[in-house]
Structures are given as structure tokens and as C-alpha cells.
Amino acid sequence: MPDIIRTTGDLQALDSAHHVHSFTDPTVIAGGKTRVVVRGDGCQIWDGDGRRFLDGMAGLWCVNVGYGRQELVDAASRQMAELPFYSNHFQSTTPALTTLAHELSKLTPDGLDHFLFTSSGSEANDTIVRMVRYFWKLQGRPAKRTFISRTMAYHGSTLAAASLCGMPHMHAMDGGTLPEFTHIPHPHWYLHGGDMAKEEFGLQAARALEQKILELGPENVAAFIGEPVQGAGGVIDPPSTYWPEIQRICRKYDVLLVADEVICGFGRTGEWFGAQAYGITPDVMSMAKGLSSGYQPIAAVAMNARVFETIGGGGLLAHGYTYSGHPVACAVALANIGIIAREGLVDRVRDDIGPYLHRALAKFEQHPVVGEVRGIGTLAALQLVKDKTSREIFSVEDGAGIFCREAAYDQGLIVRAVGQSIVLSPSLVITHAEIEELVDKLGKALDTTARHFGL
Ligand code: PMP
């Protein structure tokens, strides 16, 4: 029988003894500072000491329908009772899996009607690397292997997904990227646009892709991958000119266009998928997080007919995971999509809560420590700056982002610091009153930050 551990203090001690955390400095855990989260409801979470927090991040950008949805619990429980597991290998399926693939085909951009399931966004992007290279091999162009991604991209932590990432610390950990992965600059107008108009900068940033394709030779380039809005890189929402130009360049050189919709999918941008918000039709897409609102680990790769039919001609597909299309995860994803559709959450983000959030945050543009407020839908970022006129940002050593994040935590608000930005991604069910609370608490954290840095 497992031990029953009740107190937060005991959990913290055991945690530092036995648990290797993700994306955490182990010395912080060794100091007994593990945060024990025990319960959630709507946009609120509670810690082991009964303290309530407003979760401005919806977990890790994923609890789109909010915590505490009994309907999702019931969907999991029904499926577990009926059939807790069966695999999709060797021509098998389950009703939940096939129904989910069918429902997704109604929501994804035109032509993306074929789905391969995984358990995480990292696995989905890793799968894409294999599938796209396989596609080109079967097309008789086996040299088309290189993936072009962007600096500050986040695509996951498996080997290939980490190589797709564009964050230096992801590469520094184990000695760089795998061969045949390369990066172009991210389209961050505020930091890199200088005097250029936003739309002009968008075109220039996209044309870095054309230069890179020509430098590598189009005959060697497999795909370009990008998040419609770069999430973990700091909620970098590109100028409206950017994605259409990227698509034009991909089509011109027959380079597959891959959208990583792991964060942007399922309503965050005010459309079902970020690709729809930016007016593009990718060849391949990855999705995760909002697919089940984080209630179950599930992700998927969507592909168009050209990719699907080509890999269909290659004989046995030597790829898959035990938990590809796990029936419990599929049942929960189906119920979750049902909630998003029934409650009109995608339209709510576009017409109500997205504009409300951005109107409320806009007042921080006047704050001495904030240079820019950016984002779309329920994705938002505040760029912290030392000097508003010169757009000088804080250094890593200054640590303004983490300072502000902790100040927000002290107020009972969960936000995330990405470099020197504070990012937000609340649930799609956040109320107007909760947005007021969020802005009030964030304002206090920004004031504390400005005072600390003498602004
Ligand atoms: N792609 C994007 C855009 C992400 O934000 C993430 C996770 N934050 C991933 C991929 C990786 O997903 P997972 O953590 O489920 O492996």
C-alpha cells in the first residue's frame, strides 16, 4: 500500500528527495520550495495550505474549458469502465478514436482531414519530422530532409522536437541540435522592427525564409515549422503580413508548411486554430493541450491528402506509440470539443473575452516598466523594459521577468515569465470579474517591480 502523506511540508520534503522536476532549477526544490497544487475550479487553483490563486496560465496554456468539469470526468470514467485500453496498431481502432478523428476533420482548416494520434505535443512534432522525411522519400526526393524553424520557437523536449526549438538553453543542455535543423529569426516587431512599420517588418521577417531556402537549396529543404503565435518564446504574435508571405514562399519552393498549433489550437486565438486566424492552410499541423483541455494527455498530427496519400503508398507505416489514440484520452477529447462547441467558447474569445482582456491590459502601456502589450485572443504578453523610449529591455541578470512573476504569485496570481516578458494564457471561460481581478493583481506586481528597479 502506498504511504498516505498529508501535510504540505511532508510532500515538499519527499518531493525534493525523489522527484526530478521539468523546467525547474533543482536547487530551488532542494530548498523546500515545491509548490503543491491540490485542487482547481474554473480559473482558480488551491495549494496544499488552502491558498487560492487565479490561474492566468490555464495550467500550461492548456485548461481551455477550465478546471472542475464533471462532464469530462464522466467521459473518462465511462470509457474506463467499458474499455480502458486498446491499441490502434495492426488495423485496430476504438469508437472513441475514430469518432474523434472524424470530429477533428470538421474543425481543422480545409483539406487537413487525416489524423495520427500521440500523447504529447513533443511526440507530435517528433512524428512530423519522421513523416515529412518519409513523404519526400516516397516522392522520390530523399534529399529534402532539412527542417527550418525559428529562433525562440518551442516545439517540445524530445530529441527532434528540441532541435526544432529555437531557444539557446534548449540546445545548450545536450550539445546543440541534430543535423539538418536550422533556424531563421523570429518576427518580434517590438524588439527587432526598429523604425519599420509593423506590416513591412512582417514581410521582411518572412523573406528570411526565402533566403534560407535558397542558401540550403530547395532540393534539400523538407519543411518550415512555426507556431502561429510563438507561445513559450514570449507570445510573439506576428504582423498580419507575415504568415501569408511564409505560405507563398513555401508553395513557391515546394517546402511543406507545418503549423504547430499545440498552444494556438482549440479557441485561443478566437478561431478553432491559429492558422485560420492568420489566413493560412498548412500541409501538416500538430495539436495537443486544448484538445483535451489537459484533462488527459493527448495530441495529434493532422495532414492533408497529398501527405496522407503519399505515405499511404509506402507499405507498412513503421511508426506509432502504445498510447496512440488511447480510448480514454479520445473520449475526454471528444467531450471537451463538445463543451467548446456547445458553450461557443471560440466565438466568446473572438468577440467578448479576448477584446475585453486586451482592452483591460492596454492601460499597462502607460506603466513605467512596460514597453509593449501584445497578443491575440486569450494570449497576451507584457514586455518589461528598462527604458521605454529606447526599448532597452532588462538583462537576464536583472531577472525582472522572474521578479515580477513572483510578485504576482505573492498577490495570488499565476503568470509566467519568458525572458523579460510576462505572459498570460487564461482559460477561455474566464469571466469579466476575473479579468478585473487579474489586472488588479498584475498592476500591483508591476508597481512592485518598477519600485524594485528604481523606475
Ligand atoms: N509545441 C508548442 C507550441 C508548445 O507550447 C509545447 C509545450 N509547451 C509543445 C509543442 C510540446 O508539447 P508537450 O509539452 O505536450 O510535449
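This passage describes helix α4 and the surroundings of the ligand in a predicted model. In this predicted model, local features require pLDDT of at least 70 and side-chain atom pairs count only at pLDDT 80 or more, whereas totals for chains, interfaces and linings use all residues. Residues are numbered from 1 along each chain as its sequence is written, and side-chain values use heavy atoms, with hydrogens and water left out.

Helices are DSSP runs (H or I, at least four residues), numbered from the N terminus. Helix α4 comprises the 13 residues 70–82, and its end C-alpha atoms lie 18 Å apart, in agreement with the 18 Å expected at 1.5 Å a residue (1.5 Å times one less than the number of residues). Its buried residues are Leu-72, Ala-75, Ala-76 and Gln-79 (under 20% relative accessible area, 1.4 Å probe, protein chains only). Because these residues cover an arc of only 95 degrees around the axis, they fall on the same side of α4; the arc is taken from the directions from the helix axis to the C-beta atoms. The buried residues pack against α5 (95–107) and α14 (327–342), contact meaning heavy atoms within 4.5 Å. The face turned away from the buried side carries Arg-78 and Ala-81, which are exposed (over 50% relative accessible area).

The residues around the ligand (a heavy atom within 4 Å) include Ser-120, Tyr-154, His-155 and Glu-227. Helix α6 (residues 121–138) gives the most to this shell, with three residues. An oxygen atom of the ligand is 2.5 Å from a side-chain N or O atom of Ser-122. A ligand nitrogen atom is 2.7 Å from an N or O atom in the side chain of Asp-260.

Technical notes: Helix = DSSP H or I, 4+ residues; strand = E, 2+ residues; numbered from the N terminus. Polar contact = N/O pair within 3.5 Å; in protein donor to acceptor, adjacent residues only side chain to side chain.
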